Each structure stands twice: as structure tokens, then as C-alpha cells.
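Colleague: Got a few minutes to go through this one with me? I'd like to know what sits behind each label you use.

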Amino acid sequence: MTDKNLLTLTINQHQKAYTVEQAFILCKQILVNNSPNFDGILRQIVDKNSLEHNQAKHFFQLAFNVYLQRKQYSNLLEMSEVAIKKFDVKDEKSQWADAFYANAVANRYLRNPECAKDSLENAVEINPKQPSWLRLLATMEKELGHFDKALKHLDICIALSPNDAESYWLRSDLSRALSTSALSNLEGLANLEGSQGTNYSANYSANHSANNSENRPAGDSLKNRAYACFTLFRYHQNNQDHQTAFSYLTLGNKLFADCYVSPAEQQAISSVRQEHQAISDIFSAAFLKAGHDEESDTLEAVNSLGEKSLFICGMPRSGTTLIEQILASHRDINAGDELFYLAEASQEVLISNTAEKSQTPFPFWAQTLAPSQWQDIGHRYIQKCQPLAQGNYLTDKMPLNYKAIGIIAKALPKAKVICCQRNKQDTIWGCYQQILGQGNTFSFDLDDLAVQFDAHRSLMNHWLTVLEEMIFVLDYQQLIEQPEVTVKQLCEFIGIEFQTEMLGFYQNNQPVHTVSSAQVREPLTSRYHQQWQAYRAFMPDSFFSD
């Protein structure tokens, strides 16, 4: 053991010498125990100049993984910048692609799209044969509206990893055409015939990330098969073979359900009506008014930013991304995208008061909070938003915030809510034919979607009864048919002047991070209206019921 293999770590003001191997084991143990010492100790280690490159990389990689898991993106950004400088030795080929990748991820989450893209391009230049990085780079280009560049990167992904169906799926958002070999390969991946096999969900690991996709064999993952099915759905839909298209779409949704829907989530889906009714019952008119009059002067003082908070909510595929893009084309409005800040602020207040409250599910914990605690939620939300708002109005486009309108009313009474509404059939079909991800597991089944839609509509009727002045209902079809009239009405509700640039929203070059990123780059169109009609014969009764 040489001296350079010894590290001196400060723990609770005591110093002790460790070998590199011992230090790494110690860091992992501290991490498991959620010790507050972890960050400081890790920083001590990476500052050691005596560490060999490979040794340092182990500790940096541990830091990257931890900060990403904990969503500590500022720490991830700082640590990745330290790593980039440490390994940028001009006389050696020692630049580290993983550090640039970590930097790209951090900047992406911190809403620095150009910095994120620059770092990812550096990572890809150093390691050009990493399909998952190329796929992310393509996604970033697509979000910025650079469709030709996105296609180029996806074609390289497919050439590197022809069995990775996710790249085909992303490509299908830009081009529905498939070569003969690509079509044959996707059909093999989807394995439509004999698809009623084993449900692998019990064995499917949440850690089976996209980063490992290039190493998995064809058809090995349900998720990979599902992406293939959704891509083939689009291909056959584009070629007017609706029966085959619907078969692939149905299978793709079942495969995603096997991946993501745990018994607990299935129970949540089945009890959605009860959940929505409980929200209505607890956030009654009397409850929403309670404490408001007594605290009105205080609330007006502490929630000055609340009057510039714009919540855009509704069912997925109801036009929420479109509305955010229209509003963000106004010079006084910044787009926040889908923010988790309201949920985070609420949870922080619950945890800071009693652990028992933090374990109480929503909406029942709402009854336990005092007016000062609601104000605290508002304070925290505003503080989290400030870097994005920069003094302007800020949109928060988390669609399922429609459940939290009562929280918004209690914590941010000067905020404004824009509820996007679209007819039932178009909304359900829009959800079912799109990959909305793990957070929207109701979208994998048409009957579940119908239940979700009906529960959403019922709850929105409640909010409109008790909080009418706070909510603007934006009808999707009216927007398509009368865009200028509708946008002017929306501006009047917010209290801003209409700007013609809002109608040219599709020319806005800001990044769009949702699955609608390609659609909002085109002018308003009615071509998505009633696309489900071609599949009418396959729809369950719940799809048509009111």
C-alpha cells in the first residue's frame, strides 16, 4: 500500500485514513444510510490530486448516479463540471464522455437546452457508438424543432443498434415511412403472433434503463416489443390498414401495462372514481373559503408572484402543450413545462411538520393544515419557480394538476388556472395511441381511459362550481375553429394584451419536452379531429358513453 493510495476523510470532525477501496465502500455505506455527510465526503475525495484517473472516475460516477437519483441537478451540474476540467488534459486522450453526459442531463433538467445539447454533442464525439446518447441527442434536436438533425441521429442509432425499437418509435414521429428491412425487423421484435405468452412484469427491473438497450437481444424486453408495436401501428395507420394497426396498438398497450402496472397501481386505477369524489368532498366551498378572509391581507402580501402563476391542466392530449406554446409566444410569459414544484412544496411542508402527516395520502392531509401552512406551500412553490419565471408570468403545465386545483386555491389564491377540454372520444383516442409513460398507466386500456375521463370531467365541474373566477375553460375545438377569438379571451382572463405572435406559436424556437413536440411546430389543424372514426368498430361501449 503506497501513500498515494491513502485518503484522509473528515467524518464528524474526526480524521481517519482509508485506502481508495475502503473509501469507496464507506461512501456506498454512507449513501445507503442517507447520511448528510455523503456530499461533503465525496467532494473531499474527488478533490484529491493523488487519485489515479480510473479511481477518480469511480467516485465521480457514484456522485453522478446519486445526484441523478435524488434529482439534485445543481449538484450534478457542479460535480460534472469538476470532472470535465479534471479529465481535460490536452496532451492525453483523457476526456471523459460520461462527465459530459452527466453535464448534459443536469443542464437539461435545469432548463439550459443549448448547454445540454453542447455537452451531449461532446459526449457523442468522444464516444460515438453509444446509441442511448445519440437517441437523447435526437430527442433534444426534436424538442428544439430541428427535425432533420433529429432524423440523422436516429438513423445512426438504428444502424448501431437495429434491435432497439425505441429509436424507430421516435423516428416515426418525424417520418412514418419504413424500409423493407426495417419493417421486417420491427415485425420480428413485436412478435404479434403467439403474443399471449408469459407476463414478465414481475421480473421486469426498473433499472433496465434505456442506457442498456443496445445490449439487449431482440424481443428480450416487453418494453422493446411495445415500442415496436407502437411504431408498426403508426406505419399501418399511415397505409390505411386500420385492422392491423389496431392489433399492434392493442398489443403495445398490453405490453406497457405488463411493464408498468403493479398491483398497487391497478388498484389506484380501479378506485379513480372514489379518489376524485374524495377530492370534491374535502375541497368543498366551505373548506376553500375557511381561513381565507382572515388571512387575505397576509396572503396578498406573501403571494405577489402567485398572480403571475399560470397553471395549465387537463387530461393528457387535451391541448395543454399547445396552449403553453401559444402563451409562451407572448413576451411577458415564460414556459415552465411540466413542473413537479407544487407536489414537492406540499410534501416538504408535510414532512417539516409531522412525519405522520406526510404518510397521509392526498387529499386527506389537506384537512390537517393551518392557514400558515398553506401559505408555506405557496412560499415554497414561488421560490422554486423564481429561476424560471424571472419576473414574468410562468406556466406550469402539469396536466394532472387538475386534481390539485384546491391546493392551488388555498396556497396561491391569486394564481390562474387554464383548464383544457377536448371531447371524450378525441381525448381517449389521443391518449391510447401515444406513449405517455409510467405516470399515466390508465392510458393502456380504453375502459380505464373512459373511467379516468369521466372522473376528470366530474371533478372539473366541481371546481367550476366552487372556484369559477379562478378558472378559464379552453375548448380545444373552439381554439382550432376560432383561434384569434379564443386566444384573445384567454389573454383577457390573464390580464395581458393580446399579441399577434401568439398565433404564430409554431415558429417559437423554445424547446418543447412533451410527446407533442412535433405537433406544436405546425399551425393549428383539424386533421387530428375524429381520427378514431377509422377504428370505430373496435371501440368498447365505454368509449361512446357520456
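Colleague: Leaving aside its neighbours within four places in sequence, which residues is tryptophan 429 in contact with?

Modeller: Bear in mind that this is a predicted model. With those neighbours set aside, tryptophan 429 is in contact with Phe233, Gln237, Phe246, Leu249, Gln531, Trp532, Tyr535, Met539 and Phe543.

Colleague: And which residues touch the most other members of the largest nonpolar core?

Modeller: Phe256, Trp429 and Met539 do, in a core of 50 residues. As for where this core comes from, α8, α9 (165-172), α10 (180-190), α11 (222-238), α12 (242-260), α22 (424-432) and α23 (446-466) each supply at least two of its residues. Another core, of 40 residues, lies apart from it, with Phe287, Leu350, Cys385 and Ala409 among them.

Colleague: What is the general tendency for nonpolar side chains in soluble globular proteins?

Modeller: They tend to be buried together.

Colleague: How much of the protein is buried here?

Modeller: Buried residues make up 51% of the 546 residues. The secondary structure comes to 26 helices and seven strands. Taking the contacts with a separation of 6 or more, 72% are between residues 24 or more positions apart.

Colleague: Let's go down to single residues. What makes alanine 165 buried?

Modeller: Its relative accessible area is 0%, and buried means under 20%, so alanine 165 is buried. Alanine 165 lies in helix α9. Beyond its neighbours within four places in sequence, alanine 165 is in contact with Leu186, Leu189, Asn224, Tyr227, Ala228 and Thr231. Alanine 165 and leucine 186 are 21 residues apart in sequence, and their C-alpha atoms are 7.2 Å apart in space.

Colleague: Now the helix pairs. Why is α5 called roughly antiparallel to α6?

Modeller: The axes of helix α5 (residues 97-109) and helix α6 (residues 113-126) come within 8 Å and cross at roughly 160 degrees. Angles over 145 degrees count as roughly antiparallel, so that is what α5 is to α6. Their crossing is left-handed.

Colleague: Which residues of α5 and α6 meet?

Modeller: On the α5 side there are Ala97, Phe100, Tyr101, Asn103, Ala104, Asn107 and Arg108, and they meet Cys115, Ala116, Ser119, Leu120, Asn122, Ala123 and Ile126 in α6. By class, this contact has nine nonpolar, four polar and one charged.

Colleague: How do you know that α7 is roughly antiparallel to α8?

Modeller: Same kind of reasoning. Helix α7 (residues 131-143) and helix α8 (residues 147-160) pack at about 165 degrees, with their axes 8 Å apart. The angle is over 145, the cut-off for the label, so α7 runs roughly antiparallel to α8. α7 passes α8 in a left-handed crossing.

Colleague: Which residues make the contact of α7 and α8, and how do they divide by class?

Modeller: From α7 come Pro131, Leu134, Arg135, Leu137, Ala138, Glu141 and Lys142, and from α8 come Phe147, Lys149, Ala150, His153, Leu154, Ile156, Cys157 and Leu160. In classes, that gives ten nonpolar, one polar and four charged residues.

Colleague: On to the loops. What makes glutamine 240 exposed, and glutamine 530 partly exposed?

Modeller: Glutamine 240 has a relative accessible area of 57%, and exposed means over 50%, so glutamine 240 counts as exposed. Glutamine 530 has 37%, between the 20% and 50% limits, so the label is partly exposed. Glutamine 240 lies in the loop between α11 and α12, while glutamine 530 is found in the loop between α25 (483-494) and α26 (541-544).

Colleague: What is phi for glutamine 240 and glutamine 530?

Modeller: Phi is near 65 degrees for glutamine 240, a positive value in a residue other than glycine. Glutamine 530 has a positive phi of about 60 degrees and is not a glycine either.

Colleague: Why does threonine 368 count as partly exposed?

Modeller: Its relative accessibility is 38%, which is neither under 20% nor over 50%, so threonine 368 is partly exposed. Threonine 368 sits in the loop between α19 and α20. The C-alpha atoms of threonine 368 and leucine 350 are separated by 9.5 Å, with the two positions 18 residues apart along the chain counted as their separation.

Colleague: Which residues does a cis peptide bond join?

Modeller: Phenylalanine 362 and proline 363, with omega about 10 degrees. Proline 363 is found in the loop between α19 (355-359) and α20 (371-389).

Methods. Residues are numbered from 1 along each chain as its sequence is written. This is a predicted model: local features need pLDDT of at least 70, side-chain atom pairs count only at pLDDT 80 or more; totals for chains, interfaces and linings use all residues. Side-chain values use heavy atoms; hydrogens and water are left out. Axes are lines fitted to C-alpha atoms, for helices over the stretch in contact, and angles run from 0 to 180 degrees between N-to-C directions. Helices (H or I, at least four residues) and strands (E, at least two) are DSSP runs, numbered from the N terminus. Angles under 35 degrees count as roughly parallel, over 145 as roughly antiparallel, 65 to 115 as roughly perpendicular and the rest as oblique. A crossing is left-handed if the near helix is turned anticlockwise from the far one by less than a right angle, and right-handed if clockwise. Contact means heavy atoms within 4.5 Å. Ala, Val, Leu, Ile, Met, Phe, Trp, Tyr, Cys and Pro count as nonpolar, Asp, Glu, Lys and Arg as charged, and the others, Gly among them, as polar. A nonpolar core is a set of buried Ala, Val, Leu, Ile, Met, Phe, Trp, Tyr and Cys residues joined through side-chain atoms within 4.5 Å. Buried means under 20% relative accessible area, exposed over 50%, partly exposed in between (1.4 Å probe, protein chains only).
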